[in-house]
Amino acid sequence: MKGVRFRETDLMFVRSCESHGHGIGCSSSTGALRAMRFRMHPNEGSTDSDMARILIVEDDAQTAEEVAAALTDHGHDVTLAGTGREGLLIAAAESFDALVVDRMLPGGMDGLTIVSTLRATGDDVPVLVLSALSDVGERVRGLKAGGDDYLVKPFEFLELTARVDALLRRPEVQ
């Protein structure tokens with residue numbers, strides 16, 4: 001990824017753990033994308049305490065890597081998931097400051113199902129929905145499902161990072 005440097009220990013692939021009961025692993029048809037975690041080197045401008053943890057749920061490997069690179073360059077700690085099921089499992093098991101969720105995902109669980117499931121369990125993590133579906137009705141549906149913002153593909157990474165920053169600035173609701 002251009003502009004992003006990782007040490008081997010910074011990039012961890014979460015392998016399928018179904019034999020251990022964890023159920024986290026790539027179940028996409030291509031098998032190309034596994035859950036990954038990207039972390040900026042601490043000496044590159046951010047410390048662990050000021051990095052926001054962001055989960056990206058995106059099935060297109062190139063888009064996922066580009067979004068991860070943009071957010072990592074922006075100083076965030078990023079985890080990737082390639083399917084809806086995987087994204088929901090990771091979101092439920094770990095704490096994140098924000099989620100970036102693709103609307104259309106393979107495997108029977110789309111982005112809106114992830115968001116509505118999290119909201120039904122009381123999880124109020126800020127969510128940015130990414131989608132190629134640009135009709136006003138689709139954007140409204142994404143927001144009504146529990147998304148905090150909706151960004152239509154294709155998008156500029158400058159706008160993506162600005163929207164994520166806006167979500168992170170919102171005060172916590174008690």
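In which sense do β3 and β5 pair, and over how many bridges?

**View 1. The pairing of β3 with β5 in the predicted model.** In this model, which is predicted rather than determined by experiment, β3 and β5 pair in the parallel sense, and four bridges join them. Within this pair, Leu55 stands opposite Leu99 in β5. As a setting for this and the later views, the protein chain has five helices and seven strands, and its elements follow the order β-β-β-α-β-α-β-α-β-α-β-α from the N terminus on. Of the 174 residues of the protein chain, 45% count as buried.

**View 2. Strand β5 and its partner β6.** Strand β5 (residues 98-102) is mostly covered, since five of its five residues are buried. Ala98, Val100 and Asp102 point one way from β5, while Leu99 and Val101 point the other way. On β5 the strand β6 also finds a partner, for the two run parallel and are joined by four bridges; here Val100 stands opposite Leu128 in β6. Between these two strands the chain crosses through helix α3 (residues 111-120), and this β-α-β crossover from β5 to β6 is right-handed.

**View 3. Strand β6 and its partner β7.** Strand β6 (residues 127-131) is likewise mostly covered, with five of its five residues buried. Val127, Val129 and Ser131 point one way from β6, whereas Leu128 and Leu130 point the other way, and all of them are buried. Strand β7 (residues 149-152) pairs with β6 in the parallel sense over four bridges, and across this pairing Leu128 stands opposite Asp149 in β7, while Leu130 stands opposite Leu151 in β7. Together with helix α4 (residues 136-144), the strands β6 and β7 make a right-handed β-α-β unit.

**View 4. Helix α1 and the residue that follows it.** Does the end-to-end distance of α1 agree or disagree with the span expected from its length? Helix α1 covers residues 61-73, and because each residue should add 1.5 Å, its 13 residues should span 18 Å, which agrees with the 18 Å between its end C-alpha atoms. Several residues of α1 are buried, namely Thr63, Ala64, Val67, Ala68, Ala69, Ala70, Leu71 and Thr72. In an α-helix there are 3.6 residues a turn, so residues three or four places apart point the same way. After α1 comes Gly75, whose phi is positive, near 100 degrees. Most residues other than glycine have a negative phi.

**View 5. Asp59 in the loop before α1.** Asp59 lies in the loop between β3 (53-57) and α1. Is Asp59 buried or partly exposed? Asp59 has a relative accessible area of 29%, and because buried means under 20% and exposed over 50%, Asp59 counts as partly exposed. Although Asp59 and Thr83 are 24 residues apart in sequence, their C-alpha atoms are 5.8 Å apart in space.

**View 6. The cis peptide bond at Pro154.** Lys153 and Pro154 are joined by a cis peptide bond, with omega at about -10 degrees. Most peptide bonds are trans. Pro154 is found in the loop between β7 and α5 (157-169).

**View 7. The largest pocket and its lining.** Rolling a probe the size of a water molecule over the atoms shows where empty space is left. The largest pocket holds about 440 Å³ of space, and of the 17 residues that line the largest pocket, the closest to its centre are Asp97, Asp124, Val125, Pro126 and Glu172. Which classes of residue make up this lining? The lining of the largest pocket has nine nonpolar, one polar and seven charged residues.

Technical notes: Residues numbered from 1 in each chain as written. Predicted model: local features only at pLDDT ≥ 70, side-chain atom pairs only at ≥ 80, totals over all residues. Heavy atoms only, no water. 1 Å grid on protein atoms, 1.4 Å probe; cavity = no way out; pocket = protein on both sides within 12 Å on 5 of 7 lines; lining within 4 Å. Points joined across faces, edges and corners; volume = space filled by probe spheres on them. Nonpolar A, V, L, I, M, F, W, Y, C, P; charged D, E, K, R; others polar. Expected span 1.5 Å × (residues − 1). Buried < 20%, exposed > 50% of the residue type's maximum accessible area, 1.4 Å probe, protein only. Pairing = 2+ DSSP bridges. Right-handed = clockwise from strand over helix to strand, strands pointing away.
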